[in-house]
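Subject: Structure handover

Hello,

Here is the structure I said I would pass on. My notes on what was found in it follow below.

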Amino acid sequence: MKKNKSGDTKIIVVLLLILVVCFAVIGFLFYKYFYSGTSSSKYGDRLEGIENYVLSDSLEEDIQSVYKDIKSVDKVKVTVEGKIIYINIAFKESIKVETAQAEAIKALDKIGENNLTFYDVQYILTYTGEEENENFPVFGAKSSSSLKVVW
């Protein structure tokens with residue numbers, strides 16, 4: 001039996017076209033599943049209503065002013081990302097953890113009672129002094145649905 005080369009070539013071309021179309025459809029479906037509906041914001045709709053809870057432009061300076069007269073505090077950094085306010089406080093003197101926690105909670109007054117019902121607050125208390133101190137770092141969090149900070 002003699003094989004027809006042009007017939008074999010046509011079958012291979014048709015099969016390759018079917019394979020390419022299948023890969024294109026699979027690629028499109030992956031794109032649609034993983035990337036379709038993604039908005040321009042990395043938070044999606046999780047920040048819905050944030051316009052009703054406006055933080056002061058000088059929030060970091062306001063919180064830093066709370067600690068400027070406290071000699072045990074080295075530096076304070078405040079960062080807002082989405083619905084979370086990160087407060088990093090570095091202590092230069094060795095103090096008790098309970099004292100550091102009490103000092104850290106003072107920052108909540110500057111955020112405002114209304115804003116605390118919307119924003120979560122995360123604390124990181126560190127020690128920058130030269131003496132050895134095994135009590136630090138200390139992490140704390142205050143949820144928007146809670147009234148107290150959990151350490």
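Searching the whole structure turns up one salt bridge. Please keep in mind that this is a predicted model. The salt bridge joins the side chains of Lys106 and Glu103, with 3.0 Å from N to O. That distance is inside the limit of 4 Å used for such a pair. Side chains of opposite charge can pair when their charged atoms come close. As for how the two partners are covered, Glu103 has a relative accessibility of 15% and therefore counts as buried, while Lys106 has 37% and counts as partly exposed. Glu103 falls within helix H3, which spans residues 97-105.

Next, the sheet. It is open and has four strands in the order S1-S2-S3-S4, with mixed pairing. The edges are taken by strand S1 (73-81) and strand S4 (138-142); each has a single partner strand, so one side of each has no neighbour in the sheet. On average, neighbouring strands are turned by 15° against each other, direction ignored.

Strands of a sheet pair through backbone hydrogen bonds, either parallel or antiparallel. Here are the pairs, one by one:

- S1 and strand S2 (residues 84-91) are antiparallel, with eight bridges. In this pair, Thr79 is opposite Tyr86 of S2.
- S2 and S3 are parallel, also over eight bridges. Ile84 is opposite Asp120 of S3.
- S3 and S4 are antiparallel, over five bridges. Tyr123 has Gly140 of S4 as its bridge partner.

Two helices pack on this sheet. To take them in order along the chain:

Helix H2 (residues 59-67) touches S1 and S2, and its direction makes about 155° with that of S1. Helix H3 (residues 97-105) touches S2, strand S3 (120-127) and S4, and its direction makes about 140° with that of S3.

The side chains of S3 alternate between two faces. Val121, Tyr123, Leu125 and Tyr127 point to one face and are buried, whereas Asp120, Gln122, Ile124 and Thr126 point to the other and are not. S4 also has two faces: Val138, Gly140 and Lys142 make up the covered one, and Phe139 and Ala141 the uncovered one.

Which residues does Val97 contact, leaving aside its neighbours within four places in sequence? They are Asn135 and Val138. Val97 belongs to helix H3 and, with a relative accessible area of 18%, is buried, because the cut-off for that class is under 20%. Val97 and Asn135 are 38 residues apart along the chain, and their C-alpha atoms are 6.7 Å apart. Val138, the other contact, is on the covered face of S4.

One peptide bond should be listed here as well. The bond from Phe136 to Pro137 is cis, with omega near 5°. Pro137 is in the loop between S3 and S4.

Two loop residues are in contact with each other. Ser72 sits in the loop between H2 and S1, and Lys92 in the loop between S2 and H3. Ser72 has a relative accessible area of 8% and is buried; Lys92 has 42% and is partly exposed. Not counting residues up to four places away in sequence, Ser72 touches Ala90, Phe91, Lys92, Glu93 and Ile95. On the same basis, Lys92 touches Lys71, Ser72, Val73, Asp74, Tyr127, Thr128 and Gly129. Among these, Tyr127 is one of the buried side chains of S3.

Lys92 also gives a distance to Lys10: the two are 82 residues apart in sequence, and 79 Å lie between their C-alpha atoms. Lys10 falls within helix H1, which covers residues 5-35.

Finally, the surface. A nonpolar patch of about 1,200 Å² is formed by Ile12, Leu16, Leu19, Phe23, Ile26, Phe30, Tyr31, Tyr33, Phe34 and Tyr35. Is Phe23, one of these residues, buried or exposed? Phe23 counts as exposed, because its relative accessibility is 57% and the class begins over 50%. Phe23 is located in helix H1.

Regards

Methods: Residues numbered from 1 in each chain as written. Predicted model: local features only at pLDDT ≥ 70, side-chain atom pairs only at ≥ 80, totals over all residues. Heavy atoms only, no water. Patch = residues over 30% accessible without salt bridge, like charges linked within 9 Å, V, L, I, M, F, W, Y side chains within 5 Å. Areas by Shrake-Rupley, 256 points an atom, 1.4 Å probe, with all protein chains shown as cover. Buried < 20%, exposed > 50% of the residue type's maximum accessible area, 1.4 Å probe, protein only. Pairing = 2+ DSSP bridges. Axes fitted to C-alpha atoms, helices over the stretch in contact; angles between N-to-C directions. Contact = heavy atoms within 4.5 Å.
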